[in-house]
Amino acid sequence: MSNHHCEYLVFRCMDFRIKGSVLGDLLDGAGIGEGNYDLVACAGSAKDLLGREEEKNFLLKQIALSRKLHQIKNVAVLYHDNCGAYGIADQEQEDEIQRNDLVKIKGIIAEQFPDLRFTAFIIKGVLLGDISLEKIF
Ligand SMILES: [Zn+2]
């Protein structure tokens, strides 16, 4: 099992508008190549790390398992605009709240998994179908 590993765990939203092939190309452009990441797809991506205890624990368990089974070194959280899990019509307001939440999520993961690096992106242009990836940190 020692050669059975990958570098990243990626959290994405379940939203069907972000097609797997499109996301794959965006991640590839960000240096997260296909075949080099585990993938968790939930409503709101990793948003529930800020939610109720059982929801938070479910997501933390995915990170722990990915680290144990595949020896990941990085967690990448992908948010996106026009996200139903946020339900905020105003794009600027949604962006501000998502950025604040990503900072909190970064803190939670750093506390629980100090050995893992953290990176975050917001996928932009989902509403119009002109999708791009913005790196937050
Ligand atoms: Zn979403």
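**Close-up 1. Asn82 in the loop between β3 and α3 of the predicted model.** In this predicted model, Asn82 counts as partly exposed, since 18 C-beta neighbours lie inside 10 Å, and a residue would need 20 or more to be buried. Asn82 belongs to the loop that runs between β3 and α3. Its backbone has a positive phi of about 60°, although Asn82 is not a glycine.

**Close-up 2. Ser45 in the loop between β2 and α2.** Ser45 is found in the loop that connects β2 and α2, and, while not a glycine, Ser45 has a positive phi of about 60°. Is this residue, Ser45, buried or exposed? With 30 other C-beta atoms within 10 Å, Ser45 is buried, because the cut-off for that class is 20 or more.

**Close-up 3. The five-stranded sheet and its edges.** The strands form an open sheet of five in the order β2-β1-β3-β4-β5, and the pairing within this sheet is mixed. The edges are taken by β2 and β5 (132-135), each of which has a single partner strand, so that one side of each is left without a neighbour in the sheet. From one strand to the next, the twist averages 25°. Helix α2 packs on the sheet, where it touches β1, β2 and β3, and the direction of α2 makes about 160° with that of β2. Helix α3 also packs on the sheet; α3 touches β3 and β4, and its direction makes about 160° with that of β4.

**Close-up 4. The pairing of β1 with β2 and the crossover between them.** Strands β1 and β2 pair in the parallel sense, over six bridges. Within this pairing, Val40 in β2 is the bridge partner of Phe11, and Tyr37 in β2 is the residue that stands opposite Tyr8. Together with helix α1 (residues 20-29), β1 and β2 make a β-α-β unit that is right-handed. In a regular strand, side chains alternate between the two faces of the sheet.

**Close-up 5. The largest nonpolar core, with Val10.** The largest nonpolar core holds 27 residues, and those with the most contacts inside it are Tyr8, Leu9, Val10, Ala76, Val77 and Leu78. The elements that each give two or more residues to this core are the strands β1 (8-13), β2 (37-42), β3 (74-80) and β4 (117-124), together with the helices α2 (53-70) and α3 (91-112). Which residues does Val10 touch, not counting residues up to four places away in sequence? With that exclusion, Val10 touches Leu27, Ile32, Tyr37, Asp38, Leu39, Ala76 and Leu78.

**Close-up 6. Cys6 in the segment before β1.** Cys6 has its place in the segment that comes before β1, and, with 19 C-beta neighbours inside 10 Å, Cys6 counts as partly exposed. Leaving aside residues up to four places away in sequence, Cys6 touches Asn36, Tyr37, Asp38, His70 and Ile72. Although Cys6 and Lys73 are 67 residues apart along the chain, their C-alpha atoms are separated by 8.2 Å.

**Close-up 7. Ile131 in the loop between β4 and β5.** Ile131 lies in the loop between β4 and β5 and is partly exposed, with 19 other C-beta atoms within 10 Å. When residues up to four places away in sequence are not counted, Ile131 touches Ile18, Val22, Ile123, Gly125 and Val126. Ile18 lies 113 residues from Ile131 along the chain, yet the C-alpha atoms of the two are separated by 8.2 Å.

**Overview. The protein chain that holds these sites.** The protein chain has three helices and five strands, which run β-α-β-α-β-α-β-β from the N terminus on. Its radius of gyration is 14 Å, close to the 14 Å that the globule rule gives for 137 residues, so the chain is as compact as a globular protein of that length. The C-alpha atoms of the chain fill a box of roughly 45 × 35 × 25 Å, taken along the principal axes. Of the 137 residues, 26% count as buried. Among contacts between residues at least 6 apart in sequence, 71% join residues at least 24 apart.

Terms used: Residues numbered from 1 in each chain as written. Predicted model: local features only at pLDDT ≥ 70, side-chain atom pairs only at ≥ 80, totals over all residues. Core = buried A, V, L, I, M, F, W, Y, C linked by C-beta atoms within 7 Å. Buried ≥ 20, exposed ≤ 12 C-beta atoms within 10 Å, placed from the backbone. Helix = DSSP H or I, 4+ residues; strand = E, 2+ residues; numbered from the N terminus. Contact = placed C-beta atoms within 7 Å. Pairing = 2+ DSSP bridges. Axes fitted to C-alpha atoms, helices over the stretch in contact; angles between N-to-C directions. Rg over C-alpha atoms; globule rule 2.2 N^0.38 Å. Right-handed = clockwise from strand over helix to strand, strands pointing away.
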